[in-house]
Amino acid sequence: MFYSQLATKIHGRENLYGGNLVLTTRKFLAFTLAIAVIFTVSGSAFALSSALSNPIVPIVKKASVAVVNIDVEKTARRSISPFPFDDDPFFKRFFGDSFKEFTRSVPMKGRGSGFIVSKEGQILTNNHVVDGVDKITVSLQLENGSKKTYPAKIVGSDPTYDLAVIKIEPDESLPVLELGDSDALEVGEFVVAIGNPYGFEQSVTAGVISAKNRSIHAQDVNFDDFLQTDAAINPGNSGGPLLNMDGKVVGINTAIIPYAQGLGFAIPVNKAKEIMGDLVSFGRVKRGWLGVSVRGITPEMAKAYGVEGTNGAMINDVFKGDPAEKAGIKRGDVVVEINGHKVKDANDFVSKVRTLAPNSVAKLQVIRKGKKLTFNVKLAERNSKGDGSVENSRSDEKSKESSSGVDTLKDFGIAEVSPLNDSLRRQYRIDSNSNGLVVTEIDKDSRASSDGDIREGDLIIEVNGQEVKTVNDLKKAVGNDNSIVLMIEREGSTYFIMASKPDK
């Protein structure tokens with residue numbers, strides 16, 4: 001009985017424990033299933049949350065196939081002395097010090113970025129990426145991950161806004177990036193940059209628009225509307241797109257401050273929209289030219305010239321023979337309105353003039369000695385390079401003289417030369433102490449153009465050892481020779497270049 005009772009108790013305990021064990025197992029299974037459901041739902045929610053909180057991935061997947069890498073090659077010329085006896089009187093007797101200026105060609109390579117804007121192969125990039133290069137190669141990243149390369153040519157360029165359109169001849173229809181509205185951008189808005197920094201292709205960085213309307217004035221770039229971003233931009237990013245969260249291009253990455261972090265600059269895409277038509281149609285931008293230089297106004301100047309406040313642009317100089325002088329604009333005039341729009345400062349005035357077309361009329365309201373005056377100025381056409389030159393405002397005599405220069409050197413591939421004037425000195429940054437004839441156009445189909453020995457803006461100092469200051473000097477120096485030796489000045493350095501007529 002003892003054993004029977006014990007067995008019953010044990011059996012009961014086993015049932016009890018067994019019942020608890022079974023109950024615990026059921027609860028555990030139910031709990032596990034609940035956890036699994038929760039984690040499954042949470043995982044889906046997490047994945048959905050990640051997709052929603054990180055829209056950059058789909059933007060990059062869609063846009064990257066339309067972003068291209070641009071490789072360029074350029075032959076630079078460096079001065080060398082081929083003579084081991086620089087101080088030998090024998091050489092100085094025949095060559096003077098000129099033998100020190102012989103040059104040799106040195107190949108140079110560079111990289112940049114760009115993006116496709118038409119299915120036919122037009123690509124938008126920076127002018128400084130392709131300016132003066134001898135060879136352009138474009139690499140496309142296809143959707144299947146493979147690469148394809150094409151040679152490219154320049155369709156048109158604009159140094160002022162540092163923009164260029166290049167073109168490839170594709171075998172297939174190409175993906176195109178949609179252009180957005182840079183005016184609608186807000187400071188703090190997220191943006192994505194894609195490019196080829198330091199040769200690391202298809203690199204993606206992200207940040208925000210940290211400021212708008214930033215000014216940069218360096219070399220030929222004189223721009224006052226840059227977008228500032230903290231999205232990392234490095235050498236090689238130049239020409240690549242800056243995209244908003246809709247995947248549309250809002251800027252063209254252009255400049256950095258090398259000693260700072262988080263300071264990159266992009267050209268607003270609306271500026272590119274304004275000039276792309278001209279670049280494709282004419283190879284350059286046709287802009288109106290007023291013929292003045294301006295400066296900002298200080299409180300002291302405003303008081304002295306009878307101007308209320310410091311808004312406006314003061315005429316610092318009026319170029320002789322240009323539209324402003326013809327209309328009666330004078331130094332010291334303060335422009336407060338142009339075509340009914342208030343002028344904030346000198347940069348604002350320059351930006352407004354740039355948007356005007358040649359032969360259009362600019363209505364200027366100026367303050368002169370406390371009085372308001374209105375002038376209607378018919379603009380000339382400004383060349384797209386440098387500070388601008390008035391191409392159609394030269395005097396008849398200078399135009400005729402320039403035409404004679406065309407006849408003299410066109411067989412050597414130099415389509416046009418001109419005697420120096422103030423406009424050309426400003427345009428090509430030629431020192432006031434330098435004299436000669438400036439090359440204003442090269443025949444693009446000539447050997448001079450393909451070799452790159454002679455460039456627009458070169459100053460011809462001597463021809464065949466004879467100094468040339470006028471076209472008549474040039475004609476005498478050239479004579480009937482089939483080959484000539486030019487001494488030219490370029491960026492402060494002097495070079496000897498041989499030019500020949502093509503073989504018939």
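## Basis of the model

The expected span of a helix is taken as 1.5 Å times one less than its number of residues, and helices (H or I, at least four residues) and strands (E, at least two) are DSSP runs numbered from the N terminus. This is a predicted model, in which local features need pLDDT of at least 70 and side-chain atom pairs count only at pLDDT 80 or more, while totals for chains, interfaces and linings use all residues. Residues are numbered from 1 along each chain as its sequence is written, and side-chain values use heavy atoms, with hydrogens and water left out.

## Helix α5

For the 14 residues of helix α5 (residues 269-282), the expected span is 20 Å, which agrees with the 20 Å between its end C-alpha atoms. A kink of about 40° is centred on Ile275, the bend at a residue being the angle between axes fitted to the seven residues ending there and the seven starting there.

Ile275 is also among the buried residues of α5 (under 20% relative accessible area, with exposed over 50% and partly exposed in between, for a 1.4 Å probe and protein chains only); the others are Val269, Asn270, Lys271, Ala272, Met276 and Leu279. Just after α5, Gly283 takes a positive phi of about 80°.

## Asn244

Asn244 lies in the loop between β10 (241-243) and β11 (249-256), and counts as buried because its relative accessibility is 9%. Leaving aside neighbours within four places in sequence, Asn244 is in contact (heavy atoms within 4.5 Å) with Ile59, Glu189, Phe190 and Val250.

## Confidence

The mean pLDDT (the predictor's confidence in each residue, from 0 to 100) of the chain is 78. Among the elements of the chain, β10 has the highest mean pLDDT (97) and helix α1 (residues 2-53) the lowest (44).
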